[in-house]
Amino acid sequence: MKNHDLSDKPKYEKLARYYLIALCAIATSIILSQVLVQKFISQQKNDSRVINISGRQRMLSQRISKCALLLGDSISLDKRSLYLKQLDNAVQDWEEAHLGLRKGNESLGINGKNSKTVEALFEEIETDHQAMLASAKSILGLLTQELSTPTQEFRKDVSNIIKHEEHFLTGMDQIVFQYDNEAKTKVTNLQSVEIFLLVLSLGVILFEIFFIFIPSAKTIKKTFLKLLQSERKSKKMTLEISSLYSSLEQAYQDLLEVDVAVEDFTVFAKSKPNGDFYFFSDKFSKLMEFEEESPSNLFDWLQEQGYDAKYLQNIQKMMFECKTWSGEIKVTNDAGDFVWLKMNIIPTMDDSGKVASLMIISTDETEKKEAEAISQEINRERIEKRVKEQQFRSALILEGQEEERKRISRDMHDGVGQLLSAMKFNLEGIHSVSSDFEKEKLKTSKDLLKNVIKEVRRISFNLTPSALSDYGIVPVLNKFCREITKLSDLKVTFENETGFLSRLEGKIENNLYRICQEAVNNAIKYAEASEVKIKLSHNSRFLNVEIADDGKGFDINQLEMKGHFSASGHGLFNIRERANFINGQCTISSEKGKGTTISINIPLD
């Protein structure tokens, strides 16, 4: 038989390489885009600051000229003091900004990295700047020493400032325009780079679609077809197993007709209401081979024989309520042999109407049970061999189905899911979209991609929840209910009534999960339910899983007549067959308008 895992391995390795290449290309384009954008933003901050300060230099040079003229025309000492202070502030700001524009200044937020063109323009106005600065400082020096200094002594400095101002202003205009042109050039270059990165990203997306998504989709489609073929074979074998079960049941019915004489019921023992023995019949003592020490209490004795304490407490409660208990018990006598007793415990009353004593009336069924066992042994080996063969084949198919589900789930989560996430990050890295229509289309694409990722994760989880093999059925059912509640309008709740935490065999946990999944899906598709409750409870012998909805319900008899419980392909049939496969009892109860309850009882031994 051809090994599909080995034949498909090169394909998956090739897809994995393509996936890594595409992912690296997407990551590189996103990183480059972010680096360039962040670098441009940083440069834009510097450029805008430089343009602002260079424009302010024009204003400051004009303020220096104005203050110099006003100082020359002022006679009032108060006005001279005011204009002198304004001139001093303007000269300090003007000089600091000029040096910052050429050499850089952290406090002003400029780095001083100018182009050759800008440096050349600064060189052209440097003479004017130095001349105006020297004259302004000369005026400040004279008036600082003597505020009433005559105008004639610094008129030459005022004339020098006015002489050089025009050429300085013209040069600063050219510098501001050059700064602005260089900033625009950077924006244009960034737009070109963004367009290139956009084209690269679209190319990567097309590469992913044609070389990764499409081949992956074809591979998954083939796998699904194989899975469907395996499922059809499994259903066919399931029908054969059902037929064998029917034969086995008929054989057991025949064995029950074995004619073995059973003695009449006799009083075996008597006890007080609390179970303390005060009488044993000879027959009972001989049957149980009591020698030196006899049991003192009925219920303690049965508990020592392995019966559950709560079960025995219920029998005691029946006695105090004057009710008779009947049943079969299997005990071990003092010699170590099994003894089957068909027992009736009958309370007797005193004159006041209270329970006075308990009468244990029994008959020995050991010979009958042994005869039945011998009769069953005649056909048991042959029937069990055929059943085990069919179960083994069915188990292989179901395990194959689970492996295929795991494989598809893993491919969808690790392959398709990761690629979709990468594509989402790629779309989020696209910034060069200008028109409102394109922005709306981009937003729609992002939302659609988010929904696709969500749906892929849901399908992957439904195929095989990874937590099932790691943590067991209880955490997975809890998570399953939360996920279904998020993804649908149906409220699904899980309740672990008895705190069950034990792990079960893998096939039992898998089939329990599939049963719950099938039942909830039926409630979503057909029941029109608003709420589904999954309850889990257990005792020392059995685990019970109950799935109940408040939907419209159905007529069970009518569905049985239509063959929903005997033909493969129906959800209820699949539930019963999965329950049979793990030796469980499936009970389905429903009424129109009163919802549906599915109960699965599984032995824990």
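The exercises below concern a predicted model of a single chain.

**Exercise 1. Describe the overall make-up of the chain: its secondary structure, burial and surface.**

Step 1. Count the elements: there are 14 helices and 10 strands.
Step 2. Take the burial: of the 605 residues, 40% count as buried.
Step 3. Take the surface: the chain exposes about 35200 Å², and carbon and sulfur atoms supply 52% of that area.
Step 4. Look at the contacts between residues at least 6 apart in sequence: 68% of them join residues at least 24 apart.

**Exercise 2. Find which residues touch the most other members of the largest nonpolar core, and which helix gives the most to this core.**

Step 1. The largest nonpolar core has 41 residues, and L512, I534 and I600 touch the most other members. Helix α12, residues 506-527, gives the most to this core, with nine residues.
Step 2. For the surroundings of I534, leave aside its neighbours within four places in sequence. The contacts of I534 then include L477, F480, C481, V492 and F494. Also among them are T493, E495 and E546, as well as C516, V520, V545 and I547.
Step 3. The chain also has a second, separate core of 34 residues, which includes V50, L60, A136 and L143.
Step 4. As background, nonpolar side chains in soluble globular proteins tend to be buried together.

**Exercise 3. Place I598 in the structure and decide whether I598 is buried or exposed.**

Step 1. I598 lies in strand β10, which covers residues 596-603.
Step 2. The relative accessible area of I598 is 5%. Buried means under 20%, so I598 is buried.
Step 3. Leaving aside neighbours within four places in sequence, I598 is in contact with A519, V545, E546, I547, L572, I575, C586, T587 and I588.
Step 4. Take T587 from that list: I598 and T587 are 11 residues apart in sequence, and their C-alpha atoms are 5.8 Å apart in space.

**Exercise 4. Locate the salt bridge between D93 and R56, and state what it ties together.**

Step 1. A search of the whole structure finds 11 salt bridges. The one between D93 and R56 has its closest N and O atoms 3.6 Å apart.
Step 2. D93 lies in helix α2 (residues 77-103) and R56 in helix α1 (residues 4-73), so the pair ties together parts that are 37 residues apart in sequence.
Step 3. For accessibility, D93 is partly exposed at 29%, and R56 is partly exposed at 35%.
Step 4. In general terms, side chains of opposite charge can pair when their charged atoms come close.

**Exercise 5. Treat the salt bridges K552 to E528 and K323 to E321 in the manner of Exercise 4.**

Step 1. K552 forms a salt bridge with E528, with 3.8 Å between the closest N and O atoms.
Step 2. This pair links distant parts of the chain, 24 residues apart: K552 is in the loop between β8 (542-549) and α13 (556-562), and E528 is in the loop between α12 and β7 (531-538).
Step 3. K552 is partly exposed, at 42% relative accessible area, whereas E528 is exposed, at 65%.
Step 4. K323 forms a salt bridge with E321, and their closest N and O atoms are 3.4 Å apart. K323 is partly exposed at 43%, and E321 is partly exposed at 41%.
Step 5. A network of salt bridges links R102, E119, E123 and E126.

**Exercise 6. Identify the residues of the nonpolar surface patch of about 450 Å², and place F210.**

Step 1. The patch is made by L206, I209, F210, F211 and I214.
Step 2. F210 is found in helix α4, residues 155-255.
Step 3. The relative accessibility of F210 is 53%. Exposed means over 50%, so F210 counts as exposed.

**Exercise 7. Report how many disulfides a search of the whole structure finds, and compare the accessibility of C67 and C322.**

Step 1. A disulfide is a covalent bond between the sulfur atoms of two cysteines.
Step 2. The search of the whole structure finds zero disulfides.
Step 3. C67 is buried, at 2% relative accessibility, whereas C322 is partly exposed, at 31%.

**Exercise 8. Determine where S281 is found and what S281 touches.**

Step 1. S281 is found in the loop between β2 (277-280) and α5 (282-288).
Step 2. S281 counts as buried, at 11% relative accessibility.
Step 3. Not counting residues up to four places away in sequence, S281 touches V267 and F268.

Conventions
Residues are numbered from 1 along each chain as its sequence is written. This is a predicted model: local features need pLDDT of at least 70, side-chain atom pairs count only at pLDDT 80 or more; totals for chains, interfaces and linings use all residues. Side-chain values use heavy atoms; hydrogens and water are left out. A disulfide is a pair of cysteine sulfur atoms within 2.5 Å. Buried means under 20% relative accessible area, exposed over 50%, partly exposed in between (1.4 Å probe, protein chains only). Patches are made of residues with over 30% relative accessible area and no salt bridge: like charges are joined within 9 Å, nonpolar side chains (Val, Leu, Ile, Met, Phe, Trp, Tyr) within 5 Å. Accessible areas come from the Shrake-Rupley method with a 1.4 Å probe; for residues, only the protein chains shown count as cover. A salt bridge is a side-chain nitrogen of Lys or Arg within 4 Å of a carboxyl oxygen of Asp or Glu. Helices (H or I, at least four residues) and strands (E, at least two) are DSSP runs, numbered from the N terminus. A nonpolar core is a set of buried Ala, Val, Leu, Ile, Met, Phe, Trp, Tyr and Cys residues joined through side-chain atoms within 4.5 Å. Contact means heavy atoms within 4.5 Å.
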